[in-house]
Amino acid sequence: MAPAMLLVLLLACLTPASPSRGRLLVTPDFPVVEIGSNFTATCVIVDAGELTADDLQWSLSKTLVPKERYTRVNGTAVSVTLAVAGEQPEWLYCSDRPPHLEPLIHGIKLRKAYPPVRPENVSCVAHQVEVPKDFSMSCRWDPSGRQTAAAPTTYTLTVAVRAVSNFSVSTGRTSGSVPMPVYPFHMLLDIWVEARNILGTVESQHLQEDAGWFVKPQPPSELTLISEKSFPTSLLSQWKHPIASVYMTLTYEIRFRAEADPGWTDVPAADTSKDIESFRLQKLRPDTLYTVQVRCKYAHNGLHWSDWSTKATRTPEDKPTSRPNIWIVAAKPGDRKGKWLQVVAKDPKFSNGKIQCFELEIQSLDEPLRNPGAEWERIAVQEAAPYDGPGRHLLKQLLLPEGSLNVSVVAVNSVGASPVASLIIPKRTHGGCGKARRGASTRVTGPLCAAELPPVEDLEVRPRGGRLELRWRPSSWRTASEYVVEWSSGAGWDWQRESRGTTNTTLRGHLDRFVCYNISVFPIYSRRLGAPGSAQAFLEQGAPLEGPAVAVKDKPGHNEVELVWTEIPAHQRRGFITNYTIFYSSDITVAANTTSYTLSSLSGNTKYDAWVVASTSAARPGATTTPSPPRTPGEVEAIVVVVCLLFFFLVLMATLLCIYKEDTIKKSLWPQIPNPGESTIGTWAPDYPLKAETPKDGCVSGVSLLAVDVCDVQRVLEEDKAVLPLKDKYLSEEHSSGIGGSSCMSSPRHSVSDSDEGSDGADTTASTVQYSSVVPMGGYKGQTPSAKQVVFSRSESTQPLLDPEEPPEAAAQAGRRAAGAPAGPPEGSRPQPGALDFEPIAEEAGASADSQAADRRCSYRPQRSGYRPQ
């Protein structure tokens, strides 16, 4: 927007105005206006022609100003009054009213600002530089209100030495420094700050004080600490003035702190308010590292202290002023066989030097005459074994005595020996105090205690401020001379002593979070131990690291199961167990001392997932452990029985299949190859008698021979007339095959002899291929048989049938007989000598003709029960 307006103004200025209209001028030109005030501007027509004041209008940032704010000055001038608001600059324009052919316009830029505000809180310090009399005055003040970029504020710091000279410096910040090479001691200074901008000037309040009042001197120089062996409890401190006393009188402040002390100890101001250069610190601890600091300022109501000068040194050694801290504990398990005690000592609280050795004396109180002058045993610190941490020394191990013992210990440093510390081991107790040892799992600590001496009452332990705080009440029966507070855990053990009037304290050793501490308070009555009060506590509790291990006890019932679990190990509990929660289909909460629970009202033959959660007072739930899911009664046994029965049944079936299907399995796995050499067949010969082969054991005879007389054929036919209905069946079957060119019939049918009736015979021949033939005793291949002898040959072989060797004529004749045609020779042919012909037996009348025909040729007829035995 601003570039466009500038372009319009530029064009308006460059465009020549019409002589008859004149030009416009706005005053004042480029003003800086105060935010929050009223501003008045005037627009004047120069070289007025026809244009008058009534033809003019005002606009502020393209916004027309209402006519109510116009003021007509005369016929060629008009003014406007505006309230200045906001911090951003704006343009104010004066122009003629439209319509117009050649517009007239003029404007001014309103820059806005705040007037300067009086600086407040002016403070000044005269810093001493290296040269003793060279100073620099530095002052600070608060900002003077708000500022804008149109009117920045400039500050001028002025330091005036009355009636002498002025030192000043200008800055745009709220602080400044004026160098003063020669500082005007003992003179009055006048200091002020002036704030100035385009809208005005304002001064701060004048600060008038003595020149020494502004001075901040250097720290005391060359600070030294001197320790003297003849004065082990004091240190002599010395220093030099940073400014000579002729220019300025100084007062000093001293403080000191021991190495282990948390805070500083101030020396009373009445002892150091003088112009001094040394001071002796007294009542210090021998052989202790002390840090001493000294500072100074103007003695007459000086405002600024110098910085601290620091120096540290150690006081000389002195003999110990307190007794060593001794304690009697039972030996650790596994250290030695039998009941042993250990004498443990700590360095005295005020050892005043490095302890070089301990002196130990043990006296029997029951028989004091035995050792009236018992010698002290000297034990060097290098020889004493460290006992569970620095500063603790194991002085001696001794067997549990039958009577009471008085143990005395003295600590010795390079200067001398400490007071004697004594502790009486009581006679009666030969075992530890059970109450004091409650909860101790990996360590047996603490001394033996006398049961007849009363313990403290109402012992309470609670965490507070990152520490464990103890409170108790003294015994109402007897007053204790002091108390020993002992605490132990799986990782450490320690003790501390408290005075006789103490009823509350905090454990001063290092404590860990989520660790259970066994705390005992032992009252000591005139060097004799009383029974302890004991408690357990955590500095901070959390969720257990793991859950209890859960298992199912015994066998589940029909609708119930008992869960048992083990307690979480002490080092993983991280707090006191408040309860256990059992989760399955619902949740059940049981007490912390419960380690088993029976789940009832369960559904039979149903799987349940159950787990146990341990909770502490600070966190829930803890870690969990999921057990094996409980099962209903008999479920596991039923699964085992069913699997065993199925396996036995499968084995039995496989065995039976192998027995009854042995041949089939063999043929499937090992198929047979035909071997003609193993085939047997009975043949006849005129010169050799027929002999029946003796069957081999366990096998079926392969060939049966039957001798038939030619003259007996008629008798045979008459005896078998009863089986004529079977004739065609047998003839049709037997004409189906032959062997060796024979015209006799053979049948692949199962042959059953008289002795083969029944199931046994059928079973034994089930897998054989049988074929038979009737061979006449005529000439066979040139042989001359007997005229009245015929041989019937039957073969039972396991081999397949061989290819026929008969001539084609015989094969054709056999085919006609199978089709029902007469089996005789064809017309015009004459039977060959020695040939054996077969004819079907007629069923009509004319049996005599058949009988006659039987006298002339051989015939064969199936028998009632198959072939007769030979």
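Mentor: Quick ground rule before we dig in: buried means under 20% relative accessible area, exposed means over 50%, and partly exposed is what falls in between. Keep in mind, too, that this is a predicted model.

Trainee: Got it. Is D261 buried, partly exposed or exposed?

Mentor: Let's start from its partner: the side chains of D261 and R285 meet in a salt bridge, with N to O at 3.5 Å. That pair links distant parts of the chain, with D261 in the loop between strand 21 (250-258) and strand 22 (265-266), and R285 in the loop between strand 23 (278-281) and strand 24 (289-298). The relative accessibility of D261 is 28%, so D261 counts as partly exposed.

Trainee: And which class does R285 fall into?

Mentor: Use the cut-offs again: the in-between class starts where buried, under 20%, stops, and ends where exposed, over 50%, begins. R285 has 29% relative accessibility, so its class is partly exposed.

Trainee: What about R392 and D494, which strands does that pair link?

Mentor: Their side chains meet in a salt bridge too, 3.9 Å from N to O. The two residues are 102 apart in the chain, and the strands they link are strand 31 (residues 392-399) for R392 and, for D494, strand 37 (residues 493-499).

Trainee: Is D494 buried or exposed?

Mentor: Its partner R392 has a relative accessible area of 10%, so R392 is buried. D494 has 15% relative accessibility, and the cut-off for that class is under 20%. So D494 counts as buried.

Trainee: How far apart in the chain are R513 and E540?

Mentor: These two form a salt bridge, their closest N and O atoms being 3.3 Å apart. R513 is in the loop between strand 38 (504-506) and strand 39 (516-525), while E540 is in the loop between strand 41 (533-538) and strand 42 (550-553), which puts the separation at 27 residues.

Trainee: How many salt bridges does the structure hold?

Mentor: Side chains of opposite charge can pair when their charged atoms come close. Beyond pairs, there is a network of salt bridges linking R462, R464, E469 and R471. The count for the structure is 22.

Trainee: Now the sheet with the order 14-11-10-18: which are its edge strands?

Mentor: That one is an open sheet of four strands with mixed pairing. An edge strand pairs on one side only, and here that fits strand 14 (175-180) and strand 18 (215-216).

Trainee: What is the bridge partner of S138 in strand 14?

Mentor: Strand 11 (residues 135-142) and strand 14 pair in the antiparallel sense, over six bridges. In strand 14, the partner of S138 is S177.

Trainee: Where does N352 sit, and is N352 buried or exposed?

Mentor: N352 has a positive phi, near 60 degrees, although N352 is a residue other than glycine. Its place is the loop between strand 27 (340-346) and strand 28 (357-364). With a relative accessible area of 4%, N352 is buried.

Trainee: And S526, buried or exposed?

Mentor: S526 also isn't a glycine and has a positive phi, about 50 degrees. S526 is found in the loop between strand 39 and strand 40 (528-529). Its relative accessible area is 53%, over the 50% cut-off, so S526 is exposed.

Trainee: Last one: how far apart are the end C-alpha atoms of residues 638-660?

Mentor: UniProt, in an unreviewed entry, lists that span as "transmembrane region". In the model the span is 100% helix and 0% strand, and its end C-alpha atoms are separated by 33 Å.

Terms used. Residues are numbered from 1 along each chain as its sequence is written. This is a predicted model: local features need pLDDT of at least 70, side-chain atom pairs count only at pLDDT 80 or more; totals for chains, interfaces and linings use all residues. Side-chain values use heavy atoms; hydrogens and water are left out. A salt bridge is a side-chain nitrogen of Lys or Arg within 4 Å of a carboxyl oxygen of Asp or Glu. Buried means under 20% relative accessible area, exposed over 50%, partly exposed in between (1.4 Å probe, protein chains only). Two strands pair if DSSP finds at least two bridges between them. UniProt positions are given in the numbering used here, feature names are shortened, and annotations may be inferred rather than shown by experiment.
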